[in-house]
Amino acid sequence: MATELHGQIGPVEKETPAEIPADGPADGPADAPAGPDAPAAVRVHGLTRTFDGRAVIDRLELTVRPGEFVALLGHSGCGKSTLLRILAGLDREIEGEVLVPRTKAVAFQSPRLMPWKRVWRNVLLGLPGRPGRAVAERALAEVGLGHRSTAWPKTLSGGEAQRASLARALVREPDLLLLDEPFGALDALTRIKAQQLVAELWQRRGCAVLLVTHDVEEALLLADRVLVMDHGVIAYEREIGLDRPRDISDPRFAELRAELLDRLGVVAPTAAPPAAPTTATAASPAASPRKAA
Ligand SMILES: Nc1ncnc2c1ncn2[C@@H]1O[C@H](COP(=O)(O)OP(=O)(O)O)[C@@H](O)[C@H]1O
Ligand SMILES: [Mg+2]
């Protein structure tokens, strides 16, 4: 077992409202002070994770600001899920420092619902204390699933199951929400709705989000900052200074898309994709302005 340090970074404590207002960051993370003393939701220093003698994560550095929405891209197998699992506290066989908020929640591509428990009981699974059913139902209502509270998981559609999984994350009232390709298994239209929901929840809750995705457009639609992981480190990062709602027909969107695809070693198409039902349509989360009430 290597050195490991999981803990809470002071500024994200709920008792310090000056750092994170109850209604989320006032003017967005771009206004947060930079530097080592700046408030952080995540601070990772010199993180290494080795499997069978191979460093999948190799002295990685990462800071996520309170309330910041960060998307993490990278080739399959580059270590994104490994990093997420470490931040979630699910993997502690590490070297280096990992500081995360006490309250964090994770949702995976597979909703991981227990088939023998009704939806509302799934939402409360693993929660400390003895939270009442009303707690689960509030979270289910927030994700638009209040009417399926007593359903069995196998009767849910893929999109509904994923929303139940999000409700299970929300009842933890996380300061950090970790999402590992949560929309990866959804069809295109359901995926757009799920992206929109995550954008809305983020605005409302004001928590930091780290979203692992393989979809460059999804990253550009949702994130304040996009990271590319490669060779065990954050090899590239890009602040996405585009206003919300984001407009995929904006030439700057296309430029960023091409830049990120280039970083990923993918040859970017010269024109925006056709108006087929992709993740980037008018119904996308771009329709969900960050600063809306
Ligand atoms: N428990 C494990 N034991 C051995 N190797 C693992 C384990 N977990 C992940 N790996 C390896 O670490 C690398 C990164 O995996 P992962 O983080 O899942 O990649 P990504 O999410 O970026 O696709 C892969 O080569 C994978 O096979
Ligand atoms: Mg993965």
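The following paragraphs describe the fold of a predicted model, its central sheet, the surroundings of its ligand and several residues with notable backbone geometry.

The protein contains seven helices and 10 strands, and buried residues make up 42% of its 293 residues. Among the contacts with a separation of 6 or more, 73% are accounted for by residues 24 or more positions apart.

Six of the strands form an open sheet of mixed pairing, in which the order is β6-β7-β8-β4-β9-β10. The edges are occupied by β6 (104-108) and β10 (233-239), each of which has a single partner strand, so that one side of each is left without a neighbour in the sheet. From one strand to the next, the twist averages 20°. Strands of a sheet pair through backbone hydrogen bonds, in either a parallel or an antiparallel sense, and both senses can be followed in the pairs described below.

Within this sheet, strand β8 (residues 208-212) has five of its five residues buried and is therefore largely enclosed by the rest of the structure. In a regular strand the side chains alternate between the two faces of the sheet. In β8 both faces are covered, with Ala-208, Leu-210 and Val-212 buried on one side and Val-209 and Leu-211 buried on the other. Strand β7 runs parallel to β8 and is joined to it by five bridges, with Leu-177 standing opposite Val-209 of β8. Between these two strands the chain passes from β7 through helix α5 (residues 188-205) to β8, in a β-α-β crossover that is right-handed. Strand β4 also runs parallel to β8, to which it is joined by four bridges, and here Leu-72 stands opposite Val-212 of β8.

Strand β4 (residues 69-74) pairs with strand β9 (residues 225-230) as well, in the parallel sense and over five bridges. The bridge partner of Leu-72 in β9 is Leu-227, so Leu-72 has a place in the pairing of β4 with β9 under the bridge criterion used for strands. The pairing of β9 with β10 is instead antiparallel and extends over six bridges, and in β10 the bridge partner of Val-226 is Arg-238. These two strands, β9 and β10, form a hairpin with two residues between them, and His-231 in the turn has a positive phi of about 50°.

Two helices can be placed relative to the strands of the sheet. Helix α4 (residues 158-170) lies across β6 and β7 (176-180) and runs at about 170° to β6. Helix α7 (residues 251-263), for its part, lies across β4, β9 and β10, running at about 175° to β10.

The residues around ligand 1 are Phe-51, Val-56, Gly-74, Ser-76, Gly-77, Cys-78, Gly-79, Lys-80, Ser-81 and Thr-82. By class, this shell divides into three nonpolar residues, six polar residues and one charged residue. Helix α1 (residues 80-87) gives the most to the shell, with three residues. The same helix, α1, is mostly covered, six of its eight residues being buried; these are Lys-80, Thr-82, Leu-83, Leu-84, Ile-86 and Leu-87. Helix α1 is followed by Gly-89, whose phi is positive, near 80°.

Several loop residues show particular backbone geometry. The peptide bond from Arg-244 to Pro-245 is cis, with omega near 0°, and Pro-245 has its place in the loop between β10 and α7. Arg-112, which is found in the loop between β6 and α2 (119-124), has a phi near 55°, a positive value in a residue other than glycine. Because 15 other C-beta atoms lie within 10 Å, Arg-112 is classed as partly exposed. Glu-181, in the loop between β7 and α5, likewise has a positive phi, of about 45°, although it is not a glycine. With 19 other C-beta atoms within 10 Å, Glu-181 is also partly exposed, since a residue is counted as buried if 20 or more lie within that distance.

A further partly exposed residue is Ala-141, with 13 other C-beta atoms within 10 Å, which is found in helix α3 (residues 133-142). Ala-141 and Ala-164 are separated by 23 residues in sequence and by 10.0 Å in space, from C-alpha to C-alpha.

Conventions. Residues are numbered from 1 along each chain as its sequence is written. Chains are lettered from A and ligands numbered from 1 in the order in which they are written. This is a predicted model: local features need pLDDT of at least 70, side-chain atom pairs count only at pLDDT 80 or more; totals for chains, interfaces and linings use all residues. Axes are lines fitted to C-alpha atoms, for helices over the stretch in contact, and angles run from 0 to 180 degrees between N-to-C directions. Two residues are in contact if their C-beta atoms, placed from the backbone, lie within 7 Å. A residue is near a molecule or strand if its C-beta atom, placed from the backbone, lies within 6 Å of it. Ala, Val, Leu, Ile, Met, Phe, Trp, Tyr, Cys and Pro count as nonpolar, Asp, Glu, Lys and Arg as charged, and the others, Gly among them, as polar. A residue is buried if 20 or more other C-beta atoms lie within 10 Å of its own, exposed if 12 or fewer, and partly exposed in between; C-beta atoms are placed from the backbone. A crossover is right-handed if, with the strands pointing away from the viewer, the path from the first strand over the helix to the second runs clockwise.
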